[in-house]
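Please look over the points below with the structure open beside them. They are meant as a colleague's note and can be read in order.

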Amino acid sequence: MIMTGGEVNGSFVLSGHDQSGALQRWSTTSAGQRDSIVVRAEISNDDDKTWLPMGVSYLRRHQE
């Protein structure tokens, strides 16, 4: 899947069509801390009219 994107309202957003033709959107937002982000994956089967959640990941930088 080829995705394109950039900044949208302070979030980094990527979008592209998957193999079935559905539109997928992945967005990242700050989790309120400098060393963590939240990544949300959503899918639209009606060309961006409605979005259904696919998953959420909470990422935090690991420091040794």
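The points below concern a few residues of this predicted model.

1. Start with D18, which sits in the loop between β2 (11-17) and β3. D18 is buried yet takes part in no salt bridge. The nearest side chain of opposite charge belongs to R25, and that is 13 Å away. A salt bridge would need a side-chain nitrogen of Lys or Arg within 4 Å of a carboxyl oxygen of Asp or Glu.

2. Which side chain makes a polar contact with that of D18? The partner is Q24, with a contact of 3.2 Å. Leaving aside residues up to four places away in sequence, D18 touches M1, Q24 and I43.

3. Q24 itself belongs to strand β3. Its relative accessible area is 9%, so Q24 is classed as buried, the limit for that class being under 20%. Besides the polar contact with the side chain of D18, the Q24 side chain has a polar contact of 3.3 Å with the side chain of W26. The side chain of Q24 is thus joined by polar contacts to D18 and to W26.

4. What else does Q24 touch, not counting residues up to four places away in sequence? The list consists of M1, M3, L14, S15, G16, D18, E42, I43, W51 and M54. M1 and I43 also appear among the residues that D18 touches.

5. W26 lies in strand β3, which spans residues 23-30. W26 counts as partly exposed because its relative accessibility is 36%, and that class runs between 20% and 50%. Together with M1 and M54, W26 forms a nonpolar patch on the surface. The accessible area of these three residues together is about 310 Å². M1 and M54 are also on the list of residues that Q24 touches.

6. Turn next to the loop between β4 (36-44) and β5 (52-60), where D47 is found. D47 is not a glycine, yet has a positive phi of about 55 degrees. Is D47 buried or exposed? It is exposed, because its relative accessible area is 63% and the class begins over 50%.

7. D48 lies in the loop between β4 and β5 as well. Here too phi is positive, at about 80 degrees, although D48 is not a glycine. With a relative accessible area of 45%, D48 is partly exposed. Anyone checking backbone angles in this loop should find positive phi values at D47 and at D48.

Definitions and conventions:
Residues numbered from 1 in each chain as written. Predicted model: local features only at pLDDT ≥ 70, side-chain atom pairs only at ≥ 80, totals over all residues. Heavy atoms only, no water. Patch = residues over 30% accessible without salt bridge, like charges linked within 9 Å, V, L, I, M, F, W, Y side chains within 5 Å. Areas by Shrake-Rupley, 256 points an atom, 1.4 Å probe, with all protein chains shown as cover. Helix = DSSP H or I, 4+ residues; strand = E, 2+ residues; numbered from the N terminus. Buried < 20%, exposed > 50% of the residue type's maximum accessible area, 1.4 Å probe, protein only. Lys, Arg positive; Asp, Glu negative; His and termini not counted. Polar contact = N/O pair within 3.5 Å; in protein donor to acceptor, adjacent residues only side chain to side chain. Contact = heavy atoms within 4.5 Å.
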